[in-house]
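User: I would like to learn how to read the packing of a model from its side chains and helices. Could we take the features one at a time, with the general idea before the particular case?

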Amino acid sequence: MSVPKSYNAGFIGLIVAVATIGGFMFGYDSGAINGTQDGLRHTFGLSEGALGLTVSALLPGCALGAFLAGRFADIFGRRSVMMLAAAVFIVSALASGAAPSALVLAIARFFAGAAVGAASVLSPVYISEVTPAHVRGRLSSVQQVMIISGLTGAFLANYYLAGAAGSSLGAFWGGQAAWRWMFWVQAVPAILFLVTLLLVPESPRFLVAKGGVAEAGAVRDRLLGPGSAEAKVPEIQASLARDHAPSLADIRKPGGGWRPIVWVGIGLAVFQQLVGINVVFYYGAVLWQAVGFSEADALKINIVSGTVSILACLLSIALIDKLGRRPLLLIGSLGMTVTLGILAWAFAQGTIVEGHVTLPAGVGTTALLAANIYVVFFNLSWGPVMWVMLGEMFPNQMRGSALAVAGAAQWLANFAVSSSFPWLAQNIGLPVTYAAYTLFALLSFGFVLRAVHETKGRELEDMVG
């Protein structure tokens, strides 16, 4: 039974705005590290390998946070776990900026990662569980806009702080280095997230699963109008097992092993990272300095890339509920394959000058254009669509558990790519590294063709595993 297409746009808009602050927080933390790396090298005397591990300490925490959040959300609720994540993030942001050593910074980043991982999986699933099917894709895609807005906000803040202090190593307010303030500013969106979560309700699907049928009905009626709960709550109840609460056992098939839909979710999550997008996000400033741009110019390029990404996400929002999820993924895979291939070719034209990679003028411009077009294709497709699909593709009974597994896989793949990049770039070279990302982009096209099914317009209660 479908729900009416009328809904309380103002209330749902408030919920989406609040939930996607988690996406902004996720993006801001991911981007804030971008301008701190010279400061970390100088302050803590880090080698390239140690820098990669320190920067990437966030990511194992993200994997753990995503896994635990998926399970805790089935026990304590989507909103409650997001509030816990916001509180952890505030503490870890303050600790990161004050870190007296690389070890303390890595530990603080790990806990920041746990909060980011939790927000990354719970914000989209929370949005998918409170929005009508016919607009669910575009509203869930706002998450990616906020992730990129967070990244861009971090790039702007880093650019301002470095400029005001003379460099990331220069002293800013209180005599503290600008790179420390780049971490401390992260607490601002987390405080906003924590406070505004008090204004929104718990997911009605979680409430039904915990036996709060009357409360779920009240939330549902407020979301979709009086009488909507009468038809929908019984459907939600029917989609849940009557003999046990949602658990990790639900992702297993009767004959053993995980259900096919879980593997599809893992594939989507992992391929989103294997195309190398976070090399641009985490190492953008370092990468562009390596091909001849100054630190200031590299930070400006990051801002341009962020702005272009937001525009691509807005285009995705316009298309996702019309064109569908699967076509956007296919378009993105092809576009990324071509642009990554151009980047691999461009870096192959580079020469080593005083230990640094330098590109010929025309080739450098080509690389810059290809990188930004690559970002457009990613944020038109795999960026938002992967999160939308993870939030909606799993049946109600297993959604939290399947998200726990897929979310953890996404962050582990992120860790593998981002932590390996400095070593690969230095020892194997940028051409071969980017050729590998090109291959994974091509493989992602075949994966979507064979394994991914369209979810556009389908009710969450109609999803099967």
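User: Where does the charged end of Arg222 sit?

Analyst: For a charge and a ring, one asks how far the charged atom is from the ring centre and whether it lies along the ring normal. In this predicted model, the charged end of Arg222 sits over the ring of Phe11, at 3.8 Å from the centre of that ring.

User: How many aromatic pairs does the count come to, and what kind of pair do Phe110 and Phe111 form?

Analyst: Ring pairs are read from two values together, the distance between centres and the angle between planes, with an angle over 60 degrees taken as edge-to-face. The count here comes to nine aromatic pairs. Phe110 and Phe111 form an edge-to-face pair, with 5.8 Å from centre to centre and 90° between the planes. Phe110 has a relative accessibility of 28% and so counts as partly exposed, and Phe111, at 45%, is also classed as partly exposed.

User: What is the geometry of Trp258 and Trp263, and which residues do ring pairs link into a cluster?

Analyst: The ring centres of Trp258 and Trp263 are 5.2 Å apart and their planes meet at 40°, so this pair is tilted. Trp258 is partly exposed, because its relative accessibility is 30%. Elsewhere, ring pairs link Trp173, Trp181 and Trp184 into a cluster.

User: How should I read the nonpolar interior, and which residues have the most contacts inside the largest core?

Analyst: In soluble globular proteins, nonpolar side chains tend to be buried together. In this chain, buried residues make up 59% of the 465 residues. The largest nonpolar core has 112 residues, and those with the most contacts inside it are Leu268, Leu390, Trp411 and Tyr434. Helix H7, residues 102-130, supplies the largest share of this core, with 11 residues. Apart from that core lies another, of 12 residues, including Ile33, Phe44, Leu46 and Trp179. To take one member of the largest core, Leu390 is in contact with Gly265, Ala269, Leu403 and Ala406 once its neighbours within four places in sequence are left aside.

User: How does the span of helix H6 compare with what its 21 residues should give, and what covers its buried residues?

Analyst: An α-helix has 3.6 residues a turn, so residues three or four places apart point the same way. At 1.5 Å a residue, the 21 residues of H6 (residues 78-98) should span 30 Å, and the end C-alpha atoms are 31 Å apart, which agrees. Its buried residues include Val81, Met82, Ala85, Ala86, Phe89, Ile90 and Ala93. Among the elements that cover the buried residues of H6 are helix H2 (21-32), helix H5 (58-76), H7, helix H9 (178-184) and helix H10 (187-196). Seen from H10, the buried residues are Ala187, Pro189, Ala190, Phe193 and Thr196, and they pack against helix H1 (9-19), H2, H6, H7 and H9.

User: Are Ser140 and Gln143 buried or exposed, and what do they touch?

Analyst: For a polar side chain, accessibility and contacts are best read together. Ser140 lies in helix H8, residues 133-165, and is buried, because its relative accessible area is 2%. Leaving out residues up to four places away in sequence, Ser140 touches Pro124, Ile127, Ser128 and Val388. Gln143 is also found in helix H8, and with a relative accessible area of 1% it too is buried. On the same basis, the contacts of Gln143 are Ala19, Thr20, Gly23, Ala119, Ser120, Ser123 and Pro124.

User: How many disulfides does a search of the whole structure find?

Analyst: The search finds zero disulfides. Two cysteines can nevertheless be placed by accessibility: Cys62 is buried at 0% relative accessible area, and Cys313 is buried at 1%.

User: What does the chain show of contacts between residues far apart in sequence?

Analyst: Among contacts with a separation of 6 or more, residues 24 or more positions apart account for 82%. The secondary structure of the chain comes to 21 helices and two strands. One long-range approach involves His42, which is found in helix H3, residues 37-44, and counts as exposed at 59% relative accessibility. The C-alpha atoms of His42 and Leu169 are separated by 8.0 Å, although the two residues are 127 residues apart along the chain.

Technical notes
Residues numbered from 1 in each chain as written. Predicted model: local features only at pLDDT ≥ 70, side-chain atom pairs only at ≥ 80, totals over all residues. Heavy atoms only, no water. Core = buried A, V, L, I, M, F, W, Y, C linked by side-chain atoms within 4.5 Å. Buried < 20%, exposed > 50% of the residue type's maximum accessible area, 1.4 Å probe, protein only. Helix = DSSP H or I, 4+ residues; strand = E, 2+ residues; numbered from the N terminus. Contact = heavy atoms within 4.5 Å. Phe/Tyr/Trp six-rings, centres within 6.5 Å; stacked < 30°, edge-to-face > 60°. Lys NZ or Arg CZ within 6 Å of the ring centre and 35° of its normal. Expected span 1.5 Å × (residues − 1). Disulfide = S-S within 2.5 Å.
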